[in-house]
Amino acid sequence: MTHHDRLLIIDFGSQVTQLIARRLRELSVYCEIHPFQKVTESFLTEFAPKAVILSGGPSSVFADGAPMPPASVFDLGVPILGICYGQQVMMHCLGGKVERGHGTAEFGRAFVTPKDADLVLLEGWFEDDREQVWMSHGDHVSEIAPGFDVYGTSPNAPFAITADTERNFFAVQFHPEVHHTPNGKKLYQNFVRLAGFKGDWTMGAYRDDAIAKIRNQVGDRKVICGLSGGVDSSVAAVLIHEAIGDQLTCVFVDHGLLRLNEADEVVSMFRDNYNIPLIHADEADLFLNALEGVSDPEQKRKTIGKLFIDVFQKYANDIDGAEFLAQGTLYPDVIESVSFSGGPSVTIKSHHNVGGLPEKMGLKLVEPLRELFKDEVRALGRELGLPDSFIGRHPFPGPGLAIRCPGEITRNKLEILRRADAVYIDQIRKHGLYDEIWQAFVAILPVRTVGVMGDGRTYDYACALRAVTSVDGMTADYYPFTHEFLGETATRIINEVQGINRVTYDITSKPPGTIEWE
């Protein structure tokens, strides 16, 4: 495998830690995020980072058991950047002082002005004598550690940018990784440049490394890949097939929760374009019977997850020597399903393909996309030669239409939903908007409304249109359709889809909402 210089991100629980990794990957720098409690002295020795970033987090250095890095991290002799809570940790550990909020908290947009801009980290900054940044802190540094100087201040953060240039230690109170800090990428670019990174981590390099890892993990044994028909599992399947050839068998589970004509399209694409053994498992009755009467979204996901295990186990028993299950699990799936600390913090929603599967199935997991974001998976797909028409498809959740059907699932509601969704996507394509939108779909609502069609009264379902823009799925905003588009689309759905008489448009961002309805 190719050796890459590695940057270590020590995670203290910030909701945007993953964006730090994204900014670094955009700079072709290989990095890994690890929770603070995993980063021991022995871990640091083995990992041998070329630089370290201390993330933000919700804790206070004053709290009992406050998250801390090992003291030895400051003795590695490599550049270190502390962000928000990471700055406070750095000052606390190195002899400075941190104080509780007491009126100095800062949340949201702020402006930092330079006290001394002569710092490598700040090249390209302060061309207009101030920089917009995004603050999110309650506590604040009240006294910097010995060896540090102040390079930037904000109204409520007198030590917004500090540095010890002798040791290449840098600390900022704001979040340069978020889009609300417009020049944050320059700061990261300066940091990795002074750390001496070559910027040699590319999708081509990732592909080669992933293939080598798969071969090393699997050896001469066989793998079953759970193929959902979405971009993620398809890229995973093609990547694994490139690594181990006919040791891979794909199982496409048609759970009766797919979009209109989707099963035929997926099976045709794989059988016509890739010489990958494919089992088309038509298990619609199994899933839909099990979901009958189920309305709780978590129970839906867990029911679907359990049935996926059962189905894969059934087909695994028929494949001699199958020891591995491959999945298209992505980083956002892992992030939303598991807290950074492994403790009792809030889980947003469980994902049917995250956690517990190997123990229940007796199979080991192969998840070559587990550390990638959606746009990176698409880039990898292009690297593997998948057609753009397939790579550019909007994300589709593993539980399928089950989570776009709030409340009880019925076959009739699913059929109505399929037809409404097909009209909506057709409208988006006809108006040339498909590639501008991250994800678009229809949700059928668990209510009926009174309507008038012709001279008669109707009492049919309402539906909600959803369309969002996003970079990586971690945050999202609704797509600003014109009223003309929405009106035209609503008219088509009501006229062409029997069973719907009212159409709404969801304009909730993520957060506070999620992209999917359940």
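These are my notebook entries on a predicted model, kept in the order in which I looked things up.

**Entry 1: peptide bonds**

I began with the backbone and went looking for cis peptide bonds. One of them joins K510 and P511, with omega at about -15°. I placed P511 in the segment after β20, the strand that spans 500-505. The step from P511 to P512 is cis as well, and here omega is near 15°. P512 also belongs to the segment after β20.

**Entry 2: positive phi**

Next I checked phi. S28 is not a glycine, yet its phi is positive, near 60°. I found S28 in the loop that runs between α1 (17-26) and β2 (30-35). A48 is another non-glycine residue with a positive phi, about 50° in this case. The loop that holds A48 connects α2 (41-47) to β3 (51-54).

Is A48 buried or exposed? I looked it up: the relative accessible area of A48 is 53%, so A48 counts as exposed, the cut-off being over 50%.

**Entry 3: helix α1**

Since S28, with its positive phi, follows α1, I turned to that helix. How many of the residues of α1 are buried? The count is 9 of 10, which leaves the helix mostly covered. I noted the buried ones: T17, Q18, L19, I20, A21, R22, R23, L24 and R25. I enjoyed seeing R22, R23 and R25 on that list.

**Entry 4: aromatic rings**

I then searched the whole structure for aromatic pairs, and 16 turned up. I took F74 and F169 as my example: their ring centres are 6.0 Å apart and their planes meet at 65°, so this pair is edge-to-face. The angle settles that label because planes over 60 degrees apart count as edge-to-face. The two partners come from distant parts of the chain, 95 residues apart, with F74 in the loop between β3 and β4 (80-83) and F169 in strand β11 (169-172). Both F74 and F169 are buried.

Which residues do ring pairs link into a cluster? I wrote down Y424, Y478, Y479, F481, F485 and Y505.

**Entry 5: charges over rings**

With the rings still on screen, I looked for charged ends sitting over them. R259 has its charged end over the ring of F396, 3.9 Å from the ring centre. R378 does likewise with W438, and there the distance to the ring centre is 5.6 Å.

**Entry 6: T489 and its surroundings**

I picked T489 for a closer look and found it in helix α15, residues 483-496. T489 has a relative accessible area of 0%, so this residue is buried. What does T489 touch, leaving aside neighbours within four places in sequence? My answer is Y424, Q427 and L465. I was pleased to meet Y424 again, having listed it in the ring cluster. I also checked T489 against V452: the two are 37 residues apart in sequence, and their C-alpha atoms lie 18 Å apart in space.

**Entry 7: cavities**

My next stop was empty space. Rolling a probe the size of a water molecule over the atoms shows where such space is left. Here I found 4 cavities of 30 Å³ or more. I opened the second largest, which holds about 50 Å³. Its lining is made up of L227, S228, V253, H255, L258, F308, F396, P397 and G398. By type, I count 6 nonpolar residues, 3 polar ones and no charged ones in this lining. F396 in that lining is the residue whose ring carries the charged end of R259 over it.

**Entry 8: the second largest pocket**

I finished with the second largest pocket, with a volume of about 390 Å³. It has 16 lining residues, and those nearest its centre are R259, E265, R393, I425 and R429. Which elements give two or more residues to this lining? They are α7 (262-273), α13 (388-391) and α14 (411-430). α14 supplies the largest share, 5 residues. The lining of this pocket divides into 7 nonpolar, 2 polar and 7 charged residues.

One last jotting: R259 appears in two of my entries, with its charged end over the ring of F396 and among the residues nearest the centre of the second largest pocket.

Definitions and conventions
Residues numbered from 1 in each chain as written. Predicted model: local features only at pLDDT ≥ 70, side-chain atom pairs only at ≥ 80, totals over all residues. Heavy atoms only, no water. Helix = DSSP H or I, 4+ residues; strand = E, 2+ residues; numbered from the N terminus. Buried < 20%, exposed > 50% of the residue type's maximum accessible area, 1.4 Å probe, protein only. Phe/Tyr/Trp six-rings, centres within 6.5 Å; stacked < 30°, edge-to-face > 60°. Lys NZ or Arg CZ within 6 Å of the ring centre and 35° of its normal. 1 Å grid on protein atoms, 1.4 Å probe; cavity = no way out; pocket = protein on both sides within 12 Å on 5 of 7 lines; lining within 4 Å. Points joined across faces, edges and corners; volume = space filled by probe spheres on them. Nonpolar A, V, L, I, M, F, W, Y, C, P; charged D, E, K, R; others polar. Contact = heavy atoms within 4.5 Å.
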